[in-house]
Amino acid sequence: MSQLEVLSPSFEGRYTVPPVETIQDTADEIRQKQQRIRELCAQRNAILLAHHYQRPEVQEVADVIADSLKLSQAAANTNAEVIVFCGVHFMAETAAILCPDKKVLLPDLRAGCSLAAAVTVEELRKWKAKLPDAVVVAYVNTSAAVKAESDYCCTSANAAKVVNAIPAGLPILFLPDKFLASVVARQTGRSNIIAYPGYCHVHKTIRPDDVIEILDEHPDIELLLHPECGCVSSCMAKAADGELPQDRTFFLSTEGMLRHIGQSPANEFAVGTELGIMHQLHKKYPQKNFYPVNSNAICAFMKTITLDRVLQSLETMSPEVTVPEDIARNARRAIDRMLELA
């Protein structure tokens, strides 16, 4: 696998991380707001989709709680007239592309994504011009405009499957996450993957030292790492070399983590991803123990969505996320390929 060279490998200047608001609601106030949200959803014929990284009280009121792939599928298959997306902007855009006849609401427009900000459509066009024979595989964490310039979309759950569907002789421009690209290259054995050097600013902070520390504290634990983590390249190499336990080290999407834990006989798991997933893990598997690989892995973008903002969004039917028709039409091709290979 090779990596594209860019003038600046740091993308932090492209976005502003919002502050994480502390919610002071009592348990009773939370229940009342959730009940009002359910009433408004019924009145508006709305479905509420929430990512695993959302606040617990938002997850609890959602109709569907899932990763990007399953949420895209839920959006594509819903009969609701309104989709309230409790996630981030690129997810709402994807829903708008899949459901042009529905109103898609994003309760807080500050809910961006550092990965999506890492590559612009202008940058992609320049690299496509330099690599005209390359097949472009865009992680779902990209803007609609970038998807429109791509051949395939993928999520962390099906990235290897998407890459395997592409003829072996064709080079692949994989963007924007360099860490996921390294996982896919190892999983598929492809040496002709060219990785864009983007990253998730949260997952990047999950480092090899974090993994070593948690394994020292819990030597028999199963290690579950999201492919966006900054430690994945070294951890995959260490697992292959035997420095990490091969039979207890797994590289999984959030949905993959939930499935794996349900099938595993183990009782202790080190979880390397954004901390929002812990709510679903404790809820689904209360008899098992979970430890974050990095206890500071919090996505402030995801946490902009609060019950108050969901309520306001349903009351005002805004902010609405739309995608220009020409961009949506071209992006739909790449997204449909992702869903076909789910």
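## Two helices side by side, and a parallel sheet

In this predicted model, helices α1 and α14 run roughly parallel to each other, because their axes cross at roughly 25° and angles under 35 degrees count as roughly parallel. The axes of α1 (residues 27-44) and α14 (residues 307-316) come within 10 Å, and the crossing is left-handed.

Who does the touching? On the α1 side, the contact is made by Ile 30, Lys 33, Gln 34, Arg 36, Ile 37, Leu 40, Cys 41 and Arg 44. From α14 come Leu 307, Asp 308, Val 310, Leu 311, Leu 314 and Glu 315. Sort the residues of this contact by character and you get eight nonpolar, one polar and five charged.

Now for the sheet. It's an open one with four strands in the order β11-β10-β12-β13, paired in parallel. β11 (249-251) and β13 (289-292) sit at the edges with a single partner strand each, so one side of each has no neighbour in the sheet. On average, neighbouring strands are turned by 25° against each other, direction ignored.

Looking at one pairing, β12 (residues 268-272) and β13 line up in the parallel sense over four bridges. Glu 268 stands opposite Asn 289 in β13.

Two helices lie across strands of this sheet, as listed here:

| Helix | Residues | Strands it lies across | Angle to β10 |
|---|---|---|---|
| α10 | residues 208-217 | β10, β12 and β13 | about 155° |
| α12 | residues 254-263 | β10, β11, β12 and β13 | about 160° |

Key: Residues are numbered from 1 along each chain as its sequence is written. This is a predicted model: local features need pLDDT of at least 70, side-chain atom pairs count only at pLDDT 80 or more; totals for chains, interfaces and linings use all residues. Side-chain values use heavy atoms; hydrogens and water are left out. Two strands pair if DSSP finds at least two bridges between them. Axes are lines fitted to C-alpha atoms, for helices over the stretch in contact, and angles run from 0 to 180 degrees between N-to-C directions. Contact means heavy atoms within 4.5 Å. Angles under 35 degrees count as roughly parallel, over 145 as roughly antiparallel, 65 to 115 as roughly perpendicular and the rest as oblique. A crossing is left-handed if the near helix is turned anticlockwise from the far one by less than a right angle, and right-handed if clockwise. Ala, Val, Leu, Ile, Met, Phe, Trp, Tyr, Cys and Pro count as nonpolar, Asp, Glu, Lys and Arg as charged, and the others, Gly among them, as polar.
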